[in-house]
Amino acid sequence: MTVHQSLRGHLALGLAAVAFLMLVVFGWGMLSEISGAVIAPGKLVVDSNVKKVQHPTGGVVGELNVKDGDRVKKGEVVVRLDETQARTSLAIVTKALDEMDSRQARLVAERDGADKVTFPDELLARRNEPEVAQSTTSEQRLFEMRRSAREGQKAQLLEQVDQLRQQILGNDEQVAAKSKEIEWNQQELGGIRGLWKQNLVPFNRVTTLERDSARLHGERGALTASIAQAKGRIAEIQLKILQID
């Protein structure tokens, strides 16, 4: 009797706790407010619904291998697009790549100072194709024209260097001649000054020699400056030749 009373007491206590919890949850739901919610779009589609088949880039249908109602297997070709547009785009891209490869080969040959352009084996294997033959021939002709232009420019610069060196040699000879004249002038001027101090020659004879001495020194200085300028010009031309190479 005591055990049954205890069970009924625990059962009543449990039911009271459940009722109290439900009352608290229901009261919280009635009194509290929800400040926001997460909304996500969705769409229910029946598994047997019609499926759309679409190419990622699009195109013109050239061949349709099935009709409405046919069953297809995995890997079976359903639609084949027309290849005209794709082949045209491929030809354009291939031609551009061939031109870039030919141009790169020509630039490498110019950089290395080669006698001719060495084209890649992939281009040489297709040299019978009109587009490849045109690109390689054009780059080879351009290489020869640019090489001829560089050689002509270098020849002109080297000729200028030779002319400047000849000018330097002539100026060196004139500087030596002026130095000799200055030496003679100084010797004559020393003797005339001695005679002038003895009142044996007029003073204007002394001033004339002094003016000649100043003129000779100035002419020799101008020749020396011209030599330095010519050497500087030679250095500039040699730098241009290195840049051409």
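In the predicted model, Glu188 is partly exposed, at a relative accessible area of 38%. The side chain of Glu188 takes part in a salt bridge with Arg205, in which the closest N and O atoms are 3.5 Å apart. Because Arg205 belongs to helix α5 (residues 203-244) and Glu188 to helix α4, this pair ties together parts that are 17 residues apart in sequence. Arg205 is likewise classed as partly exposed, with a relative accessible area of 39%.

The elements in which these residues lie belong to a chain of five helices and two strands. Read from the N terminus, the order of the elements is α-β-β-α-α-α-α. Of the 245 residues in the protein chain, 17% are buried.

Salt bridges were examined across the whole structure, and the search returned 14 of them. In general terms, side chains of opposite charge can pair when their charged atoms come close. A salt bridge within helix α5 is formed by the side chains of Glu219 and Arg215, with an N to O distance of 3.3 Å. These two residues are four positions apart in helix α5, about one turn of the helix. Glu219 is partly exposed, its relative accessible area being 26%, and Arg215 is also partly exposed, with a value of 40%. Beyond such individual pairs, Asp98, Glu122, Arg126 and Glu129 are joined into one network by salt bridges that share partners.

Helix α2 (residues 84-112) provides a further pair, Glu110 and Arg106, which are four residues apart and therefore separated by about one helical turn. Their side chains meet in a salt bridge with an N to O distance of 3.5 Å. Both partners fall below the 20% limit for burial: Glu110 is buried at a relative accessible area of 13%, and Arg106 is buried at 7%. In the pair formed by Arg205 and Glu188, by contrast, Arg205 is partly exposed and Glu188 is partly exposed.

The packing of helix α2 against helix α4 was also described. The axes of α2 and α4 come within 9 Å and cross at roughly 25°. Since angles under 35 degrees count as roughly parallel, α2 and α4 are therefore roughly parallel to each other. The crossing of these two helices, α2 and α4, is right-handed.

Helix α4 spans residues 130-197 and includes Arg141. The relative accessibility of Arg141 is 46%, and this residue is accordingly counted as partly exposed. Arg141 and Val117 are separated by 24 residues in sequence, and their C-alpha atoms are 9.7 Å apart in space.

At the surface, Val61, Leu64 and Val79 make a nonpolar patch of about 270 Å². Among the contributing residues, Val61 is located in strand β1, which covers residues 61-64. Val61 is exposed, with a relative accessible area of 51%, a value that lies over the 50% limit for this class.

Definitions and conventions: Residues are numbered from 1 along each chain as its sequence is written. This is a predicted model: local features need pLDDT of at least 70, side-chain atom pairs count only at pLDDT 80 or more; totals for chains, interfaces and linings use all residues. Side-chain values use heavy atoms; hydrogens and water are left out. Patches are made of residues with over 30% relative accessible area and no salt bridge: like charges are joined within 9 Å, nonpolar side chains (Val, Leu, Ile, Met, Phe, Trp, Tyr) within 5 Å. Accessible areas come from the Shrake-Rupley method with a 1.4 Å probe; for residues, only the protein chains shown count as cover. A salt bridge is a side-chain nitrogen of Lys or Arg within 4 Å of a carboxyl oxygen of Asp or Glu. Buried means under 20% relative accessible area, exposed over 50%, partly exposed in between (1.4 Å probe, protein chains only). Axes are lines fitted to C-alpha atoms, for helices over the stretch in contact, and angles run from 0 to 180 degrees between N-to-C directions. Angles under 35 degrees count as roughly parallel, over 145 as roughly antiparallel, 65 to 115 as roughly perpendicular and the rest as oblique. A crossing is left-handed if the near helix is turned anticlockwise from the far one by less than a right angle, and right-handed if clockwise.
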